[in-house]
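Biologist: Please take one strand of this model and look at it closely, telling me what pairs with it and what surrounds it. I would like the terms spelled out as you go.

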Amino acid sequence: MIWIWISTLLVSFNQKNADIHDFHVSKTEINYNSQKGSLEISVHLFADDLEAALLKKGCFVKNIGTAKESVDADANIEKYLRERLTILRNSKPLKWDYIGKETTSDLMAVYCYLEVQEFSNVQKLAFKATQFLEIFDDQKNIVVVTKDKKQVGFFILDQAKYFEEAYLN
């Protein structure tokens, strides 16, 4: 049953010509690449939600992914994600690098790419995902954890539960 709900959400990510979406969801994929010894992270966010969250913080970032995007958009997006996405090893926050972003072809969403280097021999990963919880009561943040592209955890985080742990064995 949950896969039907998730499939519906993911199909809705790609709706074209929609000005507004009636649900509030993000998806974060965290892949432990054991050969490289790194975490590869992608965060899928609706552009209008991201703009609203940045505006609430006092950052006027509009037209994400277009020629009209402000020059400080990436810096503001990175700062926002640093405040809203925390990954921990042994109860200590890891420093991730902001690699960049790309928008979907319909400009409705953005993928942000992050990486944690020198990440190896880890059995358990903890994370906190609170993106958009400050602006939407019904926000759901899906987090999928994989090891070498094989899923080891699937979580739906929200106002009541925004911290989780995944085992990488």
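Modeller: Two strands pair if DSSP finds at least two bridges between them, strands themselves being DSSP runs (E, at least two residues) and helices likewise (H or I, at least four), numbered from the N terminus. This is a predicted model, in which local features need pLDDT of at least 70 and side-chain atom pairs count only at pLDDT 80 or more, while totals for chains, interfaces and linings use all residues. Residues are numbered from 1 along each chain as its sequence is written, and side-chain values use heavy atoms, with hydrogens and water left out.

The strand I would choose is β2, which covers residues 38–46. Eight of its nine residues are buried, so the rest of the structure largely encloses β2; buried here means under 20% relative accessible area, exposed over 50%, and partly exposed in between (1.4 Å probe, protein chains only).

On one pairing, seven bridges join β2 to strand β1 (residues 25–33) in the antiparallel sense, and Ser 38 of β2 has Asn 33 opposite it. Four residues lie between the two strands of this hairpin, where Gly 37 takes a positive phi near 65°. The other pairing to consider is with strand β6 (residues 109–116), which runs antiparallel to β2 and is joined to it by eight bridges; within it, Leu 114 is the bridge partner of Ile 41.

Strand β2 also takes part in a ring contact, and the structure as a whole holds five aromatic pairs. In one of them, the ring centres of Phe 23 and Phe 46 are 5.9 Å apart and their planes stand at 70°, so this pair counts as edge-to-face. The rule is that rings of Phe, Tyr and Trp (its six-membered ring) pair if their centres lie within 6.5 Å, planes under 30 degrees apart being stacked, over 60 edge-to-face and the rest tilted. Because Phe 46 belongs to strand β2 and Phe 23 to the loop between α1 (2–13) and β1, the pair ties together parts that are 23 residues apart in sequence. Both Phe 23 and Phe 46 are buried.

A further aromatic pair, Tyr 111 with Tyr 113, is stacked, with 6.4 Å from centre to centre and 10° between the planes. Tyr 111 has 29% relative accessibility and therefore counts as partly exposed, and Tyr 113, at 27%, also counts as partly exposed.
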